[in-house]
There are 2 protein chains.
Amino acid sequence: MAKILRINMADLTAKYEDVPEKYKYLGGRGLTSSIIYDEVDPTCHPLGPHNKVVFAPGILSGTNAPTSGRVSVGAKSPLTGTIKESNAGSAWPQRLARLGIKALIIEGQPKEPGKFWLIYINKDGVKFEPADEYVGKGLYEVYPKLFERFGKKVSIASIGVAGEYKMAMAGVCFEDREGRPSRYSGRGGLGAVLGSKGVKFIVVDDEGGPGVEIVNKELFEQGRKKLTEALRSHDVTKPKGGLNTYGTAILVNIINEAGGFPTRNFREGRFEGAAKISGEAIFENNKKRLGKELYNHACHPGCIIQCSNTYYDENGNEIVSCIEYETTWAVGANCGIDDLEAVAKLTWLCNDLGLDTIETGGTIAVAMEAGLLEFGDAEGAIRLLDEEIRKGTPLGRILGNGAAVTGKVFGVVRVPAVKGQNMPAYEPRAIKGIGVTYATSTMGADHTSGYTIAPEILGVGGKVDPFAIEKAELSRNFQVTTAFIDSTGHCLFIAFAILDIPSGFEGMVEECNGVLGTNWTTEDVTRIGMEILRKEREFNEKAGFTKADDRLPEFMKYEPLPPHNVVWDVPDEELDKVYAF
Amino acid sequence: MAKILRINMADLTAKYEDVPEKYKYLGGRGLTSSIIYDEVDPTCHPLGPHNKVVFAPGILSGTNAPTSGRVSVGAKSPLTGTIKESNAGSAWPQRLARLGIKALIIEGQPKEPGKFWLIYINKDGVKFEPADEYVGKGLYEVYPKLFERFGKKVSIASIGVAGEYKMAMAGVCFEDREGRPSRYSGRGGLGAVLGSKGVKFIVVDDEGGPGVEIVNKELFEQGRKKLTEALRSHDVTKPKGGLNTYGTAILVNIINEAGGFPTRNFREGRFEGAAKISGEAIFENNKKRLGKELYNHACHPGCIIQCSNTYYDENGNEIVSCIEYETTWAVGANCGIDDLEAVAKLTWLCNDLGLDTIETGGTIAVAMEAGLLEFGDAEGAIRLLDEEIRKGTPLGRILGNGAAVTGKVFGVVRVPAVKGQNMPAYEPRAIKGIGVTYATSTMGADHTSGYTIAPEILGVGGKVDPFAIEKAELSRNFQVTTAFIDSTGHCLFIAFAILDIPSGFEGMVEECNGVLGTNWTTEDVTRIGMEILRKEREFNEKAGFTKADDRLPEFMKYEPLPPHNVVWDVPDEELDKVYAF
């Protein structure tokens, strides 16, 4: 039987607890949000002794369900003050699940402030080691040393120097299949919470673990096949399809064309340099430099979509993996930077320092808005990361705390954030539905929590006018379904396939029923999604959030966005409908 | 008939408007809060184009009522995000009132960002002049130049460099009777709002103004005499009484003795160096240095209490005026500094830069908590102000935004703030009633909004056990009465006398009735106070504040405070009773 592993950093103890009945059918986000809801006082200080960090593999993580290696990390966020779940794909949750661990709860704070630890978990239990020798170093330097020491068959969760400094844009890092520190639960500063608990690394060795129990193997297998088939046949998710060829950065030209590609700190919706930082540019440059077509790879074992790119320099040497759509936008277009080599370098720096790339790009853009740098100054942007943030200078500390704090410190009014979290790569004035998600999500401005872009721009799961302002229901439906998918361990990108291919959706539900022994239907997906959102919402309400927080920044209401010259005009009443369930 | 003067900085226009019926009987805080409530969207960005700054003399300001030269400044605060009223004593509101101006509303923002203006108001109207030559300079350098230019018979409201930088702890400065830039509407960053509107100075010349209309002169005179008599006879407020001899800093030894004197960022409630920075020390040092007993002076014409001290150096040269209790505590005990010369220098720097001394001291203490300086490092503290804040370096920008932002940037959990505003000089764990005021005030942590210290420590207006936790009613009563007093133009210090001497209280009401032609009774004082608080509270609710914001910081609940080793144990339910009216 799977257990909950509870680690207390105040006395360096670990205990394995039976899974309470109420958590039995939960995984991923559903489980992290439930534990945070049950155990964390919503009014506690995010970096104080009463916050907790919960890691939960999805329901299917550790099985051979396709594209199911997501881990949810949950806590009260120091960036937003809300409950937070941020997920990443890696072998790490697969190993944790195969050790029979359904959730890992980290609580307490070390008696010695500033002390950092490595936690090692294997079939025999938990060990704690001082991590002093790794503190202050870049993760690209540290990861090879750890793999040398613990062997290639372990997985590592970690924080970079940003987390050590307790910066509110510090992410939690997981290795990719090549052992690079490149897969992030980036959003919401969960790395800072881990840092406040003195946790530098969590190394998981699953050798000899019991594996994931599957109650109904036949049903699981049936679902797995349906979903696999859907993923293999949809144009977006199939091998050599859109994501496998161009990565998520395939979206650059599409969103730019739609006039919803935020440029120079959300001053414009179209970037003249978009093509130069697009997925196509990455693919073509690689082809020229390597002399062959390079398709993308998986971030975790068992992924069919395989959207992770690697970018190579003129000499065919790897610069970085992976440049996501969000990243090339954040440190590119949003900063007025159209130089892909600079984008790659900035991506590498984020990975090395342990930073959320979205918040990093948003923050540099606000610093540019404040006049610290000119828009387009790639060298300056690199310097901010490599010198200021890395060294934890006062300026680095400001930036490390994200766009909203940077805006506050420098008196900048144009800060495109909701609940303290910078908006990702879709302009809400030009694509209203995603604005409704930004405004109302339990997570602050977050595209993944209700990706209305699918029908608004991509024609996936239907077709909806991006300028239409009645988007409460659309956003709600996406938010609800997403909360469920985030609980399965599947990557959200399966949504492209299952929105268009009903048997794929059935397959996902059957996989879960197979593992858990449940009889869930499509209606249960909605019910479970709503239950998760209700808990998250209630946590936020207790923390002091109201509908006044479910709003976009004021400047978007009075500043028209080129090229469509649109303002944010979704009525407050429409926003307030989203959570009326 | 008095008018409302409305100035729009977007097009540099001014217009005089009739006073609407609903504002006819309001003044000071009642008027600023009503105008902000009526005209400012609670969700607007405090530094954006839709915030406004309102200046209102009290009902009695400009008359010869004793101690009635207070001006209220109101806006949505960039420090707290709440509505804010901060008042100061100066001849400035007396002149404004005598020009027949009941309120001055500043709205809009200059087309040219970073441009600053001097506004000159006299009986003939309003003029605008570029203020470029004064930008970036200390106010001690600038004020003499302005008085040289405009003559001694004008008054000046201004911002220092802190306001130019739009720092959230920038105050609005008014001159004292000697023309020093030393009287501040300090709290809540109203100087930053003025800075965001490009307003550097507001010079008021009342020559030839119509004066303040008094409807019933006889009644006014009767009230004036009663209040004057009360002020002249109460031990705290009489000539050569407590405040006139030792200034507000007379409280240092008293509060320290009670164990409620926050020391080293609220780590302890008693400071070993308290006596060295007390009002008695100021008086004795002056006596030694000047060879005579020096009693304090008035901050504005017509004050009977006269509590403003001046501190002299070994050679008998003035260092600064005035070292308030809050200031000697904030930059002294709270930073572990027991050197009065350093306290005087830090006070001078706050005045010169345009900073709220309370928030400044609280911020330095949090910076010390973060390890930037050692507690007690006076030289370091001076350097932070004179170099970092003055130059607007990144560190200076952090500090200039107050204790909560500084804590956030450096990952400090022990930040003694409520709604983003640092606590003043009374430890809520040791004196519960003031904690109830801090938690529930519409202004963030603010002692002046409900000064329960009077009965809890000073035995004024009754005697109450400071450790008792049933303080909702006490705090409410003080908050209600204060909202009224803050509307009269009287200094809150008249409360010492009128709480103990009923005829003084009657006198205050009669003065108001005399000026306005009303028939207010004691019950009306309560009704009017409640009406003001209800508006402020509703503004905050619309801005997104909830009872979760009416709480003290978490660390005070689990960290016992020496010497009494008490934690914050007032139940949330008690706090929620305060505004149940």
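**Close-up views of a predicted two-chain model**

**View 1. Helix H11 of chain B is mostly covered.** Of the 14 residues of H11(B), 13 are buried, a residue being buried if 20 or more other C-beta atoms lie within 10 Å of its own, exposed if 12 or fewer and partly exposed in between, with C-beta atoms placed from the backbone. Helices (H or I, at least four residues) and strands (E, at least two) are DSSP runs, numbered from the N terminus. The model is predicted: local features need pLDDT of at least 70 and side-chain atom pairs count only at pLDDT 80 or more, whereas totals for chains, interfaces and linings use all residues. Residues are numbered from 1 along each chain as its sequence is written, and chains are lettered from A and ligands numbered from 1 in the order in which they are written. H11(B) comprises residues 340–353; at 1.5 Å a residue it should span 20 Å, and its end C-alpha atoms are 20 Å apart, which agrees. The expected span is 1.5 Å times one less than the number of residues. Just after H11(B), Gly354(B) has a positive phi of about 85°.

**View 2. Helix H13 of chain B bends at Leu384(B).** The bend is about 30°, taken as the angle between axes fitted to the seven residues ending at a residue and the seven starting there. For the 14 residues of H13(B) (378–391), a span of 20 Å is expected at 1.5 Å a residue; the end C-alpha atoms are 19 Å apart, which agrees. Its buried residues are Ala378(B), Ala381(B), Leu384(B), Leu385(B), Glu388(B), Ile389(B) and Arg390(B). These buried residues pack against H4 (161–164), H11, H12 (357–369) and H14 of chain B; two residues are in contact if their C-beta atoms, placed from the backbone, lie within 7 Å. Gly392(B), just after H13(B), takes a positive phi of about 65°.

**View 3. Chains A and B meet through the same surface on both copies.** Chain B can be laid on chain A with an RMSD of 0.0 Å by a turn of 180° and a shift of 0.0 Å along the axis, the copies being superposed by least squares on C-alpha atoms of residues with pLDDT of at least 70 in both. That is the relation of a two-fold axis. In chain B, the C-alpha of Pro394(B) is nearest the axis, at 3.0 Å. The contact takes 28 residues from chain B and 28 residues from chain A. On the side of chain B that touches chain A, helices H14 (394–400) and H15 (402–410) of chain B are the elements that give two or more residues.

**View 4. Ile494(A) lies in the largest nonpolar core.** Such a core is a set of buried Ala, Val, Leu, Ile, Met, Phe, Trp, Tyr and Cys residues joined through C-beta atoms within 7 Å. Among its 385 residues, Ala103, Ala381 and Ile494 of both chains touch the most other members. Not counting residues up to four places away in sequence, Ile494(A) touches Thr67(A), Leu227(A), Leu231(A), Ile485(A) and Met508(A).

**View 5. Tyr246(A) lies in helix H7 (242–246) of chain A.** With 24 C-beta neighbours inside 10 Å, Tyr246(A) counts as buried. Leaving aside neighbours within four places in sequence, Tyr246(A) is in contact with Gly279(A), Glu280(A) and Phe283(A). Tyr295(A) is 49 residues from Tyr246(A) in sequence and 7.7 Å away in space, C-alpha to C-alpha.
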